[in-house]
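Here is a short tour to read with the structure open beside you. Take your time and turn the view as you go.

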Amino acid sequence: MTDVRVDELAKHVGETVTVRGWLYHRRSSGKLHFLEVRDGSGIVQCVVAKQNVTPDAFAQADRVAQESSIEVTGVVKEHGRIKGTFEIDAADVRVLAAVTREYPIGPKEHGTDFLMDHRHLWLRSKRQHAILRIRHTIIKAVRDFFDGRGFTLVDAPIFTPNACEGTSTLFETDYHGDKAYLTQSGQLYMEAAAAAFGRVYCFGPTFRAEKSKTRRHLAEFWMVEPEVAFMDLAGDMQLAEEFIAFVVARVLEARREELKVLERDVTKLERVVAPFPRITYAEAIALLQKNGHAEAKAGDDFGADEETVISSQFDRPVIVHRYPMDLKAFYFKTDPTDPSLALNMDMLAPEGYGEIVGGGQREDDLGKLEAAIAAHELPPEAFEWFVDVRRYGTFPHAGFGLGIERTVAWLCGLPHVRETIPFPRMLNRLAP
Ligand code: 4AD
Ligand code: MG
């Protein structure tokens with residue numbers, strides 16, 4: 001008798017095995033109980049026939065309630081009708097721990113707030129399981145992509161004295177008597193690290209005190225941020241394009257089953273192959289004007305609506321580059337052919353998902369960077385170390401940030417980012 005995980009059953013057909021997990025669902029018909037047991041790797045149907053088990057085991061199988069922990073021993077069989085599916089002919093059933101209350105999440109429809117309040121239990125559902133497995137695959141693909149291209153992983157700190165992405169979304173905290181912020185982005189640290197390692201990336205949680213409730217903003221989200229020495233904006237766009245195509249291909253290759261659970265239209269994802277279209281900000285404004293936003297004019301920032309209109313003109317992600325400098329963070333290099341424009345780029349995902357990547361080429365001129373810090377009214381002392389990168393062998397460099405949760409939402413086809421992270425932190429949600 002061997003202990004096995006449900007996803008290993010195929011290797012044990014005809015053998016007697018034991019699985020341990022939780023009761024997902026039970027059906028009974030007199031002399032037969034059908035127990036669906038969930039162990040995290042999959043769900044297996046265990047057939048408990050009266051004549052095959054002790055009366056006590058049969059009685060336990062009759063009483064066991066949803067989400068009780070349970071152990072079933074029996075012979076593995078290939079399912080009669082569904083190829084590639086296995087079941088267990090039970091010889092013994094033991095309830096390890098019965099639930100002490102009725103499990104609150106049943107087959108009936110529950111409201112979003114109820115489910116979010118029970119997020120710690122909701123994670124056990126098929127749908128959440130599929131989403132978080134895809135998230136895992138995306139993160140693994142992200143690491144494999146950069147690790148395979150000579151990048152060094154350099155972890156950025158979470159406590160920082162620097163506002164990287166503007167001062168309006170900072171979470172402030174007391175740091176032994178000094179003011180500190182939870183990091184909005186590891187970018188500034190990656191710029192320093194790029195001078196040490198050439199190609200670097202960081203991957204970790206980042207924080208934004210977003211005051212608005214939207215379907216794509218979290219207070220805590222995970223971001224991967226590559227930074228490359230001697231790369232310009234064109235190189236940055238190409239890197240982002242190859243990166244996204246790689247991640248999408250990996251998910252399609254490794255997570256078909258989960259995409260099916262989510263009823264994701266994979267034909268839309270299969271179109272996500274390089275090259276991706278590139279348009280300038282000016283072209284994006286013209287596109288908006290032609291498509292129901294006659295009032296759009298140069299200088300406008302894009303919100304979710306505008307991004308949806310722009311991205312829906314394309315069947316794969318579109319890269320919009322060279323936004324007005326006025327709309328952008330202090331660290332961008334200006335376009336030498338038009339200093340009012342930033343050498344930046346955003347990648348907008350199709351199907352209305354909008355911005356998933358933001359990045360660009362960094363200001364590498366000492367004097368211009370100091371002037372930008374002053375113009376944005378940032379405290380120069382806090383940025384001294386960052387400016388140092390321009391004092392000791394300054395170099396052209398570029399990078400970007402990809403938000404993991406928006407990527408998960410897009411690839412899974414979810415309407416909201418709240419299901420893309422195990423325990424979301426949003427404007428009105430700190431628990432569980
Ligand atoms: O465009 P953002 O603000 O860029 C930066 O932070 C740069 N410093 C990155 C860099 O160049 N190294 O954020 C990058 C991405 C966005 O495109 C989006 O995918 C995600 O991070 N993001 C969020 N995701 C969820 N909730 C939020 N509140 C987010 N804010 C940004
Ligand atoms: Mg952005």
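How many bridges join strand 8 to strand 10, and do they run parallel or antiparallel? Two bridges link strand 8 and strand 10, and the two strands run antiparallel. One of the pairs sets F159 opposite its bridge partner L182 in strand 10. Please keep in mind throughout that this is a predicted model.

**A three-stranded sheet**

That pairing belongs to an open sheet of three strands, arranged in the order 8-10-9 with antiparallel pairing. Strand 8 (159-160) and strand 9 (172-175) stand at the edges with a single partner strand each, so one side of each has no neighbour in the sheet. On the other side of the sheet order, strand 9 is joined to strand 10 (residues 178-182) by four bridges, and these two strands also run antiparallel. T173 has A180 in strand 10 as its bridge partner, while Y175 is matched with D178. Strand 9 and strand 10 form a hairpin with two residues between the strands, and there H176 takes a positive phi near 50°.

**Just after the sheet**

Follow the chain onward and you reach G186, in the loop between strand 10 and helix 5 (187-197). Is G186 buried or exposed? G186 counts as buried because its relative accessibility is 3%, and the cut-off for buried is under 20%. Leaving out residues up to four places away in sequence, G186 touches A156, C202 and E225. The C-alpha atoms of G186 and I158 are separated by 8.2 Å, although these residues are 28 apart along the chain.

**Buried residues elsewhere**

Another buried residue worth a look is E241, which lies in helix 6 (residues 233-254). Which residues does E241 contact, once neighbours within four places in sequence are set aside? They are A274, P275, F276, R278 and M347.

Two cysteines can be listed alongside E241 and G186, with their relative accessibility:

| Residue | Relative accessibility | Class |
|---|---|---|
| C46 | 0% | buried |
| C412 | 2% | buried |
| G186 | 3% | buried |
| E241 | 7% | buried |

As for the cysteines, the structure holds zero disulfides. A disulfide is a covalent bond between the sulfur atoms of two cysteines.

Helix 10 (residues 304-311) also has buried positions, namely E307, V309, I310 and S311. What covers them? The cover includes helix 9 (281-290) along with strand 13 (278-280), strand 14 (318-321), strand 17 (344-349) and strand 18 (354-361).

**The whole protein**

Now step back to the full view. The protein has 13 helices and 19 strands, and its C-alpha trace spans about 85 × 55 × 40 Å along the principal axes. Of its 432 residues, 51% are buried. Among contacts with a separation of 6 or more, 66% are between residues 24 or more positions apart.

The protein exposes about 20,200 Å², and carbon and sulfur atoms supply 53% of that area. Its charges number 53 positive and 64 negative, and the mean positions of the two sets are 7 Å apart.

Note on methods
Residues are numbered from 1 along each chain as its sequence is written. Chains are lettered from A and ligands numbered from 1 in the order in which they are written. This is a predicted model: local features need pLDDT of at least 70, side-chain atom pairs count only at pLDDT 80 or more; totals for chains, interfaces and linings use all residues. Side-chain values use heavy atoms; hydrogens and water are left out. Buried means under 20% relative accessible area, exposed over 50%, partly exposed in between (1.4 Å probe, protein chains only). Contact means heavy atoms within 4.5 Å. Accessible areas come from the Shrake-Rupley method with a 1.4 Å probe; for residues, only the protein chains shown count as cover. Lys and Arg count as positive and Asp and Glu as negative; His and the chain ends are not counted. The place of a charge is taken as NZ of Lys, CZ of Arg, CG of Asp or CD of Glu. A disulfide is a pair of cysteine sulfur atoms within 2.5 Å. Two strands pair if DSSP finds at least two bridges between them.
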